[in-house]
Amino acid sequence: KKIGQKTLKKGYKYYSQFTNSVIVKDPLINFPEINNAIFNENLIEIARRFFKAQPFIGFALIKCHFNNKLPENDINLFHLDGIYVDDRGEFPSYEKRFALDNKNNYFKVLIPFHLTENQQMEFRVIALNRKRIKKRVYDSLQYATHSEVPKKIRKLIVNPRVFTKDLLFVDPVNYFHRAIKPKKLRIMLYLVLVKEKNYLISKAKKIKIRNDYFQTLSNTQRTFGRYLNTV
């Protein structure tokens, strides 16, 4: 259910009681400061080593998560990112899901903007690659609460040490993860990095960036943002 303009105009402290999150429109234009982090050449090199190939920006967004009395939503439950339906719109089998995800593998960079000194990010991850999880357990973990995770696996839940001015590299396709419901306003930059021909390339083409800024970037940086929509 979408929030109407009348509710939005009352400010986030009011409308945050009616939704768990909002996404900022055109973040690379409206918040140009984040471009310095997105196009950091050390980050690009890490992505290149992870993929063993040229990385590209597949998606970028700023999302604000709210503390409220609404039920937990999907990101508050353990889950994997990736392909959920095949080309025919059908939920793929356990085996086919692995094949589709391996073909379209990607990883995320999470950058928190809401943390103050000594506060730690609310992200949780099960430190066990899904390839080492049996099918029965794998199925039970998808959208599981903390208490529903088997005790043996629960011991592997990690809260990465991410503080203000840090960033976190995440493999969301191969590791179950969740973000606990925030105790205050949470502001996150999500950057999704992909290889050539990944299905997310089509989303990158909808992300706007100022052409005058884009032309100031190095060749390495412009290649990294090749699929962005310059305006």
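In this predicted model, the charged end of Lys203 perches over the ring of Phe59, 5.4 Å from the ring's centre. That contact makes a handy way into the aromatic side chains, which also pair up with one another: searching the whole structure turns up 11 aromatic pairs.

Take Tyr12 and Phe66. Their rings are stacked, with 6.3 Å from centre to centre and 20 degrees between the planes. Tyr12 belongs to helix H2 (residues 12–15), while Phe66 sits in the loop between strand S2 (56–65) and helix H6 (94–103), so this pair ties together parts that are 54 residues apart in sequence. The two partners can be told apart by their surroundings. Tyr12 is partly exposed, at a relative accessible area of 37%, whereas Phe66, at 3%, counts as buried.

Tyr138 and Phe176 make another of the pairs. Here the ring centres are 5.8 Å apart and the planes meet at 70 degrees, so the arrangement is edge-to-face; the cut-off for that label is over 60 degrees. Tyr138 comes from helix H7 (residues 135–141) and Phe176 from the loop between strand S6 (168–170) and strand S7 (177–179), so the pair bridges parts that are 38 residues apart in sequence. Tyr138 and Phe176 are both buried. Elsewhere, ring pairs join Phe50, Phe51, Phe107 and Phe169 into a cluster.

Now for the empty space. The largest pocket holds about 790 Å³, and 33 residues line it. Nearest the pocket's centre are Ile75, His79, Asp81, Lys108 and Tyr190. Several strands chip in two or more lining residues each: strand S1 (21–23), S2, strand S3 (106–112), S7 and strand S8 (186–194). As for chemistry, the lining breaks down into 19 nonpolar, 8 charged and 6 polar residues.

Stepping back to the whole chain, the fold has 11 helices and 10 strands. The C-alpha trace spans about 55 × 45 × 40 Å along its principal axes. For 231 residues, a compact globule would be expected to have a radius of gyration near 17 Å, and the chain's 18 Å agrees with that. Buried residues account for 46% of the 231 in the chain; Phe66 is one of the buried residues, as are Tyr138 and Phe176.

Conventions
Residues are numbered from 1 along each chain as its sequence is written. This is a predicted model: local features need pLDDT of at least 70, side-chain atom pairs count only at pLDDT 80 or more; totals for chains, interfaces and linings use all residues. Side-chain values use heavy atoms; hydrogens and water are left out. Rings of Phe, Tyr and Trp (its six-membered ring) pair if their centres lie within 6.5 Å; planes under 30 degrees apart count as stacked, over 60 as edge-to-face and the rest as tilted. Helices (H or I, at least four residues) and strands (E, at least two) are DSSP runs, numbered from the N terminus. Buried means under 20% relative accessible area, exposed over 50%, partly exposed in between (1.4 Å probe, protein chains only). A charge sits over a ring if NZ of Lys or CZ of Arg is within 6 Å of the ring centre and within 35 degrees of the ring normal. On a 1 Å grid over the protein atoms alone, a cavity is a set of points where a 1.4 Å probe fits but cannot get out, and a pocket is an open set with protein on both sides within 12 Å along at least five of seven lines; lining residues have an atom within 4 Å of a point. Grid points are joined across faces, edges and corners, and a volume is the space filled by probe spheres set on the points. Ala, Val, Leu, Ile, Met, Phe, Trp, Tyr, Cys and Pro count as nonpolar, Asp, Glu, Lys and Arg as charged, and the others, Gly among them, as polar. The radius of gyration is taken over C-alpha atoms; the globule rule is 2.2 Å times the number of residues to the power 0.38.
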